[in-house]
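Me: I would like a close look at a single part of this protein, namely its nonpolar interior. Please take me through that part in one connected account, and then through what lies beyond it.

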Amino acid sequence: MNSWPRNNLPLVAGYEFPTLKIIDSNLGLVTLNTPSDFRIYVCGITPYDATHLGHAATYLAFDLINRYQSLSGRSVNFVENVTDIDDPLLERAKRDNSNWQNIADTQTQLFKADMSALRILPPNDLVKVTESIAIINDFIKKLDSRGYLYEISGDYYFSVGDFLSGLPVSTSDAVKIFAERGGDPYRQGKKHQLDPLVWSANAEGEPGWESSFGFGRPGWHVECTAIACKYLDKDSNDPIVHVQGGGSDLIFPHHFMSAQIVKAAYGRDFSQYFVHAAMIGLDGEKMSKSKGNLVFVSKLISAGIDPMAIRWALLQGHYQKDREWSENLLSESEIQIATVRRALAQSEVTESKELIAGIIADLSKNLDTPSALKRLLSWSEQSINAGSINQSGLVSRSIDSLLGLAL
Ligand code: ZN
């Protein structure tokens, strides 16, 4: 499938880019010591409720990493999946009495338009699960050949028992979370409660595909690992990817299982770093489908909200801090970007070298966007009061490259 269109990314010349520091969910604060070929895999949407502000905040965080790595001279290879076959999608189709493929296609188009409007750089490959059945089949065959696959009534499970030493929580908590996030710990015949399903036999009335494991459909974790390994394992060196990213709700079981499945199938490390974006809340609760409190990017845009105001509002909070969305945040952001625009519309502004170097330094410290925006705002206010140098074009291009703000 084609990604959305790619914007220009003008170089920010003449500045040093310190090596990016990020908080990895397992390791804490790390310096991203990666080669010039930087490989990142970000878990994509299940296209049935796209794109709410929680999604937008997540993809925005990884967009900043991609921008920073590209601008600091790395060649970024970024892959993202679209889980266009999954239980929630089928449930939605049933509830609305509509076709699951139509929902997936419409929501994927909407997602792509939202990403484009928010100036998120597109992945090199945006890959649908339904286009990847052969790749997933080959991956499951590897698990089988290494003895980590078993069957219960036509369903196939990955035997995770040998790989549980790094569980991020206690086993009993893991079982609880596993059950809450689509797992089936109590099924009769399982070798371990945490074994995830990698291929499920076709259920009456559900879509399915032919495979070496019968007619059916793939399980969640194996989809991402199969796609990531296929598209990003270019040199057979460890790790397969440098960063696996997603929302913090993917830490367990999804990203933990992804790493263990790759270890089992290839005997190799999947990702050098695991980076997670925090959740966006509304009225004190996490924004989620189950709570019914989703705010959609497309609805805000069609109500006339400037996508750059949405981007600015999300950047005002730190990507790894759970935070609240509100009308106030949005209107405050609209006022702030108007101030920046007013400054940039002047032919004379304040000297910009310190500003641009400061924004680079802020980003290098675990993407400190709240400080970067404060810095930009204060420079804009100064420029409106006492501009003296013709550098507004330079600032405009630099903040577009670094922060994705086209103002
Ligand atoms: Zn994933």
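Reply: What follows begins with the nonpolar core and then turns to two buried polar residues and a pocket.

The model is a predicted one, and the largest nonpolar core in it has 81 residues, of which L53, W325 and L402 touch the most other members. Helix α1, which covers residues 53–71, supplies the largest share of this core, namely eleven residues. The core draws at least three residues from domain 1 (21–277) and at least three from domain 2 (306–403), the bounds coming from a domain assignment. In soluble globular proteins, nonpolar side chains tend to be buried together.

To see what surrounds one of these members, consider L402, which, when residues up to four places away in sequence are not counted, touches V12, F17, L64, R67, L71, I356, I359, I360 and L363. Among these contacts, L64, R67 and L71 fall within the residue range of helix α1. Separate from this core there is a second one, made of 54 residues, and A93, A104, F178 and A226 are included in it.

Helix α1 also holds a residue of another kind, S70. S70 counts as buried because its relative accessibility is 18%, and the cut-off for buried is under 20%. With residues up to four places away in sequence not counted, S70 touches L9 and V76.

A second buried residue, T108, has its place in helix α3, which spans residues 100–117. T108 has a relative accessibility of 3% and therefore counts as buried as well. Once its neighbours within four places in sequence are left aside, T108 is in contact with M1, P47 and V82.

From buried residues the account moves to open space, and here the second largest pocket contains about 310 Å³. The lining of this pocket is made up of 17 residues, and those closest to its centre are N26, F256, A259, Q260 and F274. Two elements, α7 (251–266) and β11 (271–277), each give two or more residues to the lining, and α7 accounts for the largest share, with six residues. By kind, the lining of the second largest pocket divides into seven nonpolar, eight polar and two charged residues.

Taken together, the account runs from a core whose largest share comes from helix α1, by way of the buried residues S70 and T108, to a pocket whose lining owes its largest share to α7.

Technical notes. Residues numbered from 1 in each chain as written. Predicted model: local features only at pLDDT ≥ 70, side-chain atom pairs only at ≥ 80, totals over all residues. Heavy atoms only, no water. Core = buried A, V, L, I, M, F, W, Y, C linked by side-chain atoms within 4.5 Å. Buried < 20%, exposed > 50% of the residue type's maximum accessible area, 1.4 Å probe, protein only. Helix = DSSP H or I, 4+ residues; strand = E, 2+ residues; numbered from the N terminus. Contact = heavy atoms within 4.5 Å. 1 Å grid on protein atoms, 1.4 Å probe; cavity = no way out; pocket = protein on both sides within 12 Å on 5 of 7 lines; lining within 4 Å. Points joined across faces, edges and corners; volume = space filled by probe spheres on them. Nonpolar A, V, L, I, M, F, W, Y, C, P; charged D, E, K, R; others polar.
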